[in-house]
Amino acid sequence: MHTEGTFEPDSAATARDQYEAVGPAAQTVVREIARAMEFDREEYGDRVTSDVVETARDALFASLLEVTVGTREEYEEWREGYDGEVTETGNENVDHVVWHAGPEDEAVAATFHEKEDAAIATLRRQAFGRIYRELV
(Lines give C-alpha, C1' and ligand atoms only; values in the text may rest on other atoms or scores of the structure.)
Protein backbone atom coordinates (compact mmCIF):
# COMPACT_ATOMS: atom_id res chain seq x y z
CA MET A 1 0.00 0.00 0.00
CA HIS A 2 1.23 3.50 -0.79
CA THR A 3 -0.01 7.06 -1.16
CA GLU A 4 0.45 9.56 -3.95
CA GLY A 5 -0.30 13.27 -3.96
CA THR A 6 0.06 16.18 -1.57
CA PHE A 7 -3.40 17.52 -0.70
CA GLU A 8 -5.33 15.71 2.02
CA PRO A 9 -7.74 18.36 3.32
CA ASP A 10 -8.94 17.64 6.84
CA SER A 11 -11.70 20.28 6.69
CA ALA A 12 -13.74 22.21 4.16
CA ALA A 13 -11.77 25.34 5.11
CA THR A 14 -8.46 23.60 4.38
CA ALA A 15 -9.81 22.38 1.03
CA ARG A 16 -10.85 25.95 0.14
CA ASP A 17 -7.42 27.29 1.17
CA GLN A 18 -5.61 24.69 -0.93
CA TYR A 19 -7.93 25.35 -3.86
CA GLU A 20 -7.25 29.08 -3.62
CA ALA A 21 -3.52 28.45 -3.36
CA VAL A 22 -3.40 26.76 -6.77
CA GLY A 23 -5.13 29.70 -8.45
CA PRO A 24 -1.96 31.60 -9.40
CA ALA A 25 -0.33 28.41 -10.71
CA ALA A 26 -3.41 27.67 -12.83
CA GLN A 27 -3.29 31.18 -14.29
CA THR A 28 0.40 30.78 -15.11
CA VAL A 29 -0.15 27.39 -16.75
CA VAL A 30 -2.97 28.75 -18.90
CA ARG A 31 -0.92 31.80 -19.91
CA GLU A 32 2.11 29.67 -20.84
CA ILE A 33 0.00 27.24 -22.85
CA ALA A 34 -1.59 30.14 -24.72
CA ARG A 35 1.90 31.52 -25.39
CA ALA A 36 3.09 28.10 -26.65
CA MET A 37 0.05 28.00 -28.93
CA GLU A 38 1.09 31.44 -30.19
CA PHE A 39 -2.13 33.24 -29.27
CA ASP A 40 -1.89 36.92 -30.05
CA ARG A 41 -3.32 39.44 -27.57
CA GLU A 42 -6.75 39.46 -29.22
CA GLU A 43 -7.05 35.68 -29.42
CA TYR A 44 -5.87 35.38 -25.81
CA GLY A 45 -8.55 37.86 -24.74
CA ASP A 46 -11.23 36.02 -26.69
CA ARG A 47 -10.34 32.45 -25.74
CA VAL A 48 -8.78 32.58 -22.28
CA THR A 49 -11.82 33.21 -20.15
CA SER A 50 -12.31 32.93 -16.41
CA ASP A 51 -13.97 29.55 -17.08
CA VAL A 52 -10.77 28.32 -18.75
CA VAL A 53 -8.66 29.38 -15.77
CA GLU A 54 -11.18 27.89 -13.33
CA THR A 55 -11.07 24.58 -15.23
CA ALA A 56 -7.28 24.62 -14.97
CA ARG A 57 -7.56 25.33 -11.22
CA ASP A 58 -10.01 22.45 -10.78
CA ALA A 59 -7.71 20.06 -12.67
CA LEU A 60 -4.61 21.22 -10.80
CA PHE A 61 -6.28 20.87 -7.40
CA ALA A 62 -7.63 17.41 -8.29
CA SER A 63 -4.24 16.27 -9.59
CA LEU A 64 -2.66 17.07 -6.22
CA LEU A 65 -5.16 15.16 -4.06
CA GLU A 66 -3.59 12.46 -1.95
CA VAL A 67 -4.85 8.99 -2.79
CA THR A 68 -4.10 5.61 -1.31
CA VAL A 69 -3.33 2.67 -3.59
CA GLY A 70 -3.60 -0.82 -2.26
CA THR A 71 -4.86 -4.33 -2.59
CA ARG A 72 -8.51 -5.23 -2.20
CA GLU A 73 -7.68 -6.61 1.27
CA GLU A 74 -5.95 -3.38 2.35
CA TYR A 75 -8.89 -1.35 1.07
CA GLU A 76 -11.41 -3.55 2.91
CA GLU A 77 -9.40 -3.17 6.11
CA TRP A 78 -9.39 0.62 5.71
CA ARG A 79 -13.09 0.63 4.93
CA GLU A 80 -13.92 -1.34 8.10
CA GLY A 81 -12.47 1.53 10.15
CA TYR A 82 -14.00 4.32 8.07
CA ASP A 83 -17.31 5.71 9.32
CA GLY A 84 -18.25 7.78 6.28
CA GLU A 85 -20.00 7.03 3.02
CA VAL A 86 -17.89 5.46 0.25
CA THR A 87 -18.77 5.58 -3.43
CA GLU A 88 -16.93 2.76 -5.17
CA THR A 89 -16.69 2.37 -8.92
CA GLY A 90 -15.38 -0.54 -10.91
CA ASN A 91 -15.54 -4.28 -10.47
CA GLU A 92 -15.52 -5.74 -6.96
CA ASN A 93 -13.61 -8.77 -8.24
CA VAL A 94 -10.50 -6.78 -9.16
CA ASP A 95 -7.40 -7.07 -6.98
CA HIS A 96 -6.41 -3.39 -6.60
CA VAL A 97 -8.19 -0.27 -5.32
CA VAL A 98 -7.35 3.41 -5.15
CA TRP A 99 -9.26 5.60 -2.68
CA HIS A 100 -9.54 9.09 -1.23
CA ALA A 101 -11.44 10.21 1.86
CA GLY A 102 -12.65 13.80 1.87
CA PRO A 103 -12.92 16.05 4.90
CA GLU A 104 -16.64 15.54 5.51
CA ASP A 105 -17.14 11.77 5.90
CA GLU A 106 -17.35 11.05 2.20
CA ALA A 107 -14.89 8.96 0.21
CA VAL A 108 -14.47 7.65 -3.31
CA ALA A 109 -12.78 4.48 -4.48
CA ALA A 110 -12.06 2.87 -7.82
CA THR A 111 -10.87 -0.61 -8.64
CA PHE A 112 -8.25 -1.41 -11.23
CA HIS A 113 -6.38 -4.38 -12.59
CA GLU A 114 -3.19 -3.08 -14.23
CA LYS A 115 -3.38 0.62 -15.09
CA GLU A 116 -2.62 2.26 -11.76
CA ASP A 117 -1.84 5.71 -13.17
CA ALA A 118 -5.11 5.81 -15.09
CA ALA A 119 -7.06 4.69 -12.01
CA ILE A 120 -5.42 7.39 -9.90
CA ALA A 121 -6.20 10.11 -12.45
CA THR A 122 -9.80 8.94 -12.78
CA LEU A 123 -10.29 8.74 -9.04
CA ARG A 124 -8.92 12.25 -8.51
CA ARG A 125 -11.43 13.64 -11.03
CA GLN A 126 -14.21 11.72 -9.30
CA ALA A 127 -13.10 13.01 -5.91
CA PHE A 128 -13.18 16.58 -7.16
CA GLY A 129 -16.62 16.16 -8.72
CA ARG A 130 -18.23 14.24 -5.87
CA ILE A 131 -16.52 15.71 -2.82
CA TYR A 132 -14.83 19.04 -3.51
CA ARG A 133 -16.73 20.90 -6.23
CA GLU A 134 -19.37 22.13 -3.77
CA LEU A 135 -16.84 22.73 -0.96
CA VAL A 136 -14.48 24.99 -2.83
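This note goes through a predicted model of one chain, point by point.

1. Overall make-up. The chain holds six helices and five strands. Taken in sequence order, these elements follow the pattern β-α-α-α-α-β-α-β-β-β-α. Along its principal axes, the C-alpha trace spans about 55 × 35 × 20 Å.

2. Burial and surface. The chain has 136 residues, and 38% of them count as buried. The area that the chain exposes is about 8200 Å², with carbon and sulfur atoms supplying 45% of it. Contacts between residues at least 6 apart in sequence were also examined: 61% of these join residues at least 24 apart.

3. Helix H4. This helix covers residues 50-63. Its 14 residues, at 1.5 Å a residue, should span 20 Å, and the C-alpha atoms at its ends are 20 Å apart, so the expected and modelled values agree. The buried residues of H4 are Val 53, Ala 56, Arg 57, Asp 58, Phe 61 and Ala 62. They pack against three other helices, namely H1 (12-21), H2 (23-36) and H6 (116-132). Two charged residues, Arg 57 and Asp 58, are thus on the buried list for H4; Asp 58 comes up again under point 8.

4. The nonpolar core. The largest nonpolar core contains 22 residues. Those touching the most other members are Phe 61, Leu 65, Val 98, Leu 123, Phe 128 and Tyr 132. Two or more residues each come from H1, H4, strand S2 (67-71), strand S5 (106-112) and H6. The element that gives the most is H6, with seven residues.

5. Tyr 132. Leaving aside residues up to four places away in sequence, Tyr 132 touches Pro 9, Ala 15, Phe 61, Leu 65, His 100, Ala 101, Gly 102, Pro 103 and Ala 127. Among these partners, Phe 61 and Leu 65 are also on the list of core residues that touch the most other members, as is Tyr 132 itself.

6. A nonpolar patch on the surface. Val 29, Ile 33 and Met 37 make a nonpolar surface patch of about 280 Å². Of these residues, Met 37 is placed in the loop between H2 and helix H3 (41-47).

7. Salt bridges within helices. Side chains of opposite charge can pair when their charged atoms come close. A search of the whole structure finds seven salt bridges. One of them joins Arg 35 to Glu 32, with the closest N and O atoms 2.7 Å apart. Both residues lie in helix H2, three residues apart, which is about one turn of the helix. Arg 35 has 52% relative accessibility and therefore counts as exposed, whereas Glu 32, at 38%, counts as partly exposed. A second pair is found in helix H3, where Glu 43 and Arg 47 are four residues apart and so separated by about one helical turn. The closest N and O atoms of this salt bridge are 2.9 Å apart. Glu 43 counts as partly exposed at 27% relative accessibility, and Arg 47 counts as partly exposed at 48%.

8. A salt bridge between distant parts of the sequence. The side chains of Arg 133 and Asp 58 meet in a salt bridge, at 3.8 Å from N to O. Arg 133 lies in the segment after H6 and Asp 58 in helix H4, so this pair ties together parts that are 75 residues apart in sequence. Arg 133 has 46% relative accessibility and counts as partly exposed. Asp 58, at 12%, counts as buried, because the cut-off for that class is under 20%.

9. A linked set of charges. Salt bridges also join Arg 72, Glu 76, Arg 79 and Glu 88 into a network.

10. Arg 31. This residue is found in helix H2. With a relative accessibility of 32%, Arg 31 counts as partly exposed. Arg 31 and Ala 13 are 18 residues apart along the chain, and their C-alpha atoms are separated by 28 Å.

Methods: Residues are numbered from 1 along each chain as its sequence is written. This is a predicted model: local features need pLDDT of at least 70, side-chain atom pairs count only at pLDDT 80 or more; totals for chains, interfaces and linings use all residues. Side-chain values use heavy atoms; hydrogens and water are left out. The expected span of a helix is 1.5 Å times one less than its number of residues. Buried means under 20% relative accessible area, exposed over 50%, partly exposed in between (1.4 Å probe, protein chains only). Contact means heavy atoms within 4.5 Å. A nonpolar core is a set of buried Ala, Val, Leu, Ile, Met, Phe, Trp, Tyr and Cys residues joined through side-chain atoms within 4.5 Å. Patches are made of residues with over 30% relative accessible area and no salt bridge: like charges are joined within 9 Å, nonpolar side chains (Val, Leu, Ile, Met, Phe, Trp, Tyr) within 5 Å. Accessible areas come from the Shrake-Rupley method with a 1.4 Å probe; for residues, only the protein chains shown count as cover. A salt bridge is a side-chain nitrogen of Lys or Arg within 4 Å of a carboxyl oxygen of Asp or Glu.
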